[in-house]
Each structure stands twice: as structure tokens, then as C-alpha cells.
Amino acid sequence: MTAGDGQVIRFPAVGKAPARPVLAASVAVFRDGKVLLATRTKPPADRLWSLPGGKVEAGETLEEAALRELEEEVGVTARILGFNRHVEIFGRDAKGEVTHHFVVASFIGEWLSGEPRPGPEAGAVMWADPLSLGGLATTRELGEVLRRAHKLFTGGASV
């Protein structure tokens with residue numbers, strides 16, 4: 001990922017604990033009753049299925065970040081229907097030191113165009129049943145995030 005000035009931003013820095021949580025955004029994109037999932041290609045969740053998403057850049061809204069990351073990672077465009085929930089992802093090393101801490105604002109979206117494709121940040125992509133992940137290796141809270149997103153998307157609660 002690059003900042004607006006072209007500076008490469010890496011997280012977490014090797015051998016250095018993060019100074020503060022990193023703000024990120026993701027989107028549960030629905031199409032024909034299915035939700036778009038992708039495998040991550042970088043730590044801390046490499047090879048795990050999750051929602052497309054990534055870091056928020058300075059000057060962009062959470063919604064803009066979620067849609068930009070969706071396009072960059074898997075080549076899909078969508079429209080945001082509403083906010084789902086936030087998820088905190090953090091880890092510690094053997095000494096108890098924080099190795100990473102992300103706060104992810106997760107949105108609900110409706111597919112508009114583009115067929116999902118793998119890329120540098122998405123190792124594999126698929127449309128999945130949001131209520132039955134069939135034993136996939138996923139990020140920690142994905143099942144709960146998808147259940148709530150599906151309920152909101154199908155009108156079970158206001159978005």
C-alpha cells in the first residue's frame with residue numbers, strides 16, 4: 001500500500017511494535033444471495049478467508065476506503081448500503097508484546113460490476129453462502145460478521 005505521497009506503508013514493522021491501532025475498512029458484498037470472500041496474502045491473516053478490505057488512507061472516508069480496497073484487491077465495484085459493525089484484530093508475541101492491532105469498519109454492499117479475480121492481496125476469491133462457510137479457514141470473527149451482514153442485507157434489521 002502507498003500513501004498519497006507514494007511512501008510505502010508497511011504494518012507491522014519487523015521487530016517493532018505498532019505505536020497505535022491501524023484503521024481499516026472492509027465490505028461484505030452480496031450478489032444473488034452469495035457474499036464475496038477472498039484469501040489474504042499477507043500477515044497477520046495470510047491464507048485465511050475474509051472480506052476484501054484494507055487500510056484507510058488520509059483524506060478518505062471509511063466507505064471510500066472500503067470501496068477502493070474492494071476494487072484494488074478483487075476488481076469488483078459495489079455500492080455501500082450501510083454499516084455492519086467494527087472488528088478489532090490484534091495479536092501478541094511470546095513476550096506479550098503487541099505485534100499488530102487493526103480496527104476494521106465493516107460495511108454491507110451490493111455488487112454492481114466486475115468479476116472477482118485474485119491479485120497481490122487476494123490469493124483466491126469466491127462467492128460463498130454467508131450462513132454456511134463449510135469449514136473454511138477464516139479470520140476470527142468472519143462468521144459473526146457475515147450473519148449480521150446477511151440479516152441486515154435481507155431486511156432482518158434496518159441498515
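Modeller: Before we look at any residue, a word on strands: two of them pair if DSSP finds at least two bridges between them. Strand 2 and strand 3 (residues 49-50) have 2 antiparallel bridges, and T39 stands opposite W49 in strand 3.

Colleague: Okay, and what are we looking at here?

Modeller: A predicted model, where local features need pLDDT of at least 70 and side-chain atom pairs count only at pLDDT 80 or more, while totals for chains, interfaces and linings use all residues. Numbering starts from 1 along each chain as its sequence is written, and side-chain values use heavy atoms, leaving out hydrogens and water.

Colleague: How many helices and strands are there in the chain, and in what order do the elements run?

Modeller: There are 2 helices and 7 strands, running β-β-β-β-α-β-β-β-α from the N terminus. They are DSSP runs numbered from that end: H or I over at least four residues for a helix, E over at least two for a strand.

Colleague: What makes F30 and F153 a stacked pair?

Modeller: It's one of 2 aromatic pairs in the structure. The F30 and F153 rings sit 4.5 Å apart centre to centre, with 15° between the planes. Rings of Phe, Tyr and Trp (its six-membered ring) pair if their centres lie within 6.5 Å, and planes under 30 degrees apart count as stacked, over 60 as edge-to-face, the rest as tilted. So F30 and F153 pass on the distance and on the angle. F30 belongs to strand 1 (residues 22-31) and F153 to helix 2 (residues 142-153), so the contact ties together parts 123 residues apart in sequence.

Colleague: Why is F30 called buried, and what about F153: buried or partly exposed?

Modeller: Buried means under 20% relative accessible area, exposed over 50%, and partly exposed in between (1.4 Å probe, protein chains only). F30 has 1%, so it counts as buried. F153 has 29%, so it is partly exposed.

Colleague: And why is the F83 and F107 pair called edge-to-face?

Modeller: The planes of F83 and F107 meet at 75°, and the centres are 5.4 Å apart. That angle is over 60, so edge-to-face it is. F83 is in strand 5 (residues 77-92) and F107 in strand 6 (residues 98-113), 24 residues apart. F83 is partly exposed at 41%, whereas F107 is buried at 3%.

Colleague: How do you know that strand 5 and strand 6 pair?

Modeller: DSSP gives 14 antiparallel bridges between strand 5 and strand 6, and at least two are needed, so they pair. In their hairpin there are 5 residues between the strands, and G96 takes a positive phi near 90°. R79 has E110 in strand 6 as its bridge partner.

Colleague: What else do the side chains of R79 and E110 do?

Modeller: They meet in a salt bridge, 2.7 Å from N to O. The term asks for a side-chain nitrogen of Lys or Arg within 4 Å of a carboxyl oxygen of Asp or Glu, so R79 and E110 qualify. R79 lies in strand 5 and E110 in strand 6, so the pair ties together parts 31 residues apart in sequence. R79, at 42%, is partly exposed, and E110 is too, at 27%.

Colleague: What makes E73 and R40 a salt bridge, and is R40 buried or exposed?

Modeller: The closest N and O atoms of E73 and R40 are 3.2 Å apart, so the pair is inside the cut-off. E73 is in helix 1 (residues 62-74) and R40 in strand 2, 33 residues apart. R40 comes out at 17%, so it counts as buried; E73, at 1%, is buried as well.

Colleague: Why do you call strand 2 mostly covered?

Modeller: In strand 2 (residues 34-40), 6 of the 7 residues are buried. Strand 2 also pairs with strand 7 (residues 122-128) over 5 antiparallel bridges, with V125 as the partner of A38. On its other hairpin side, 2 bridges join strand 2 to strand 1, again antiparallel, and D32 in the turn has a positive phi of about 50°.
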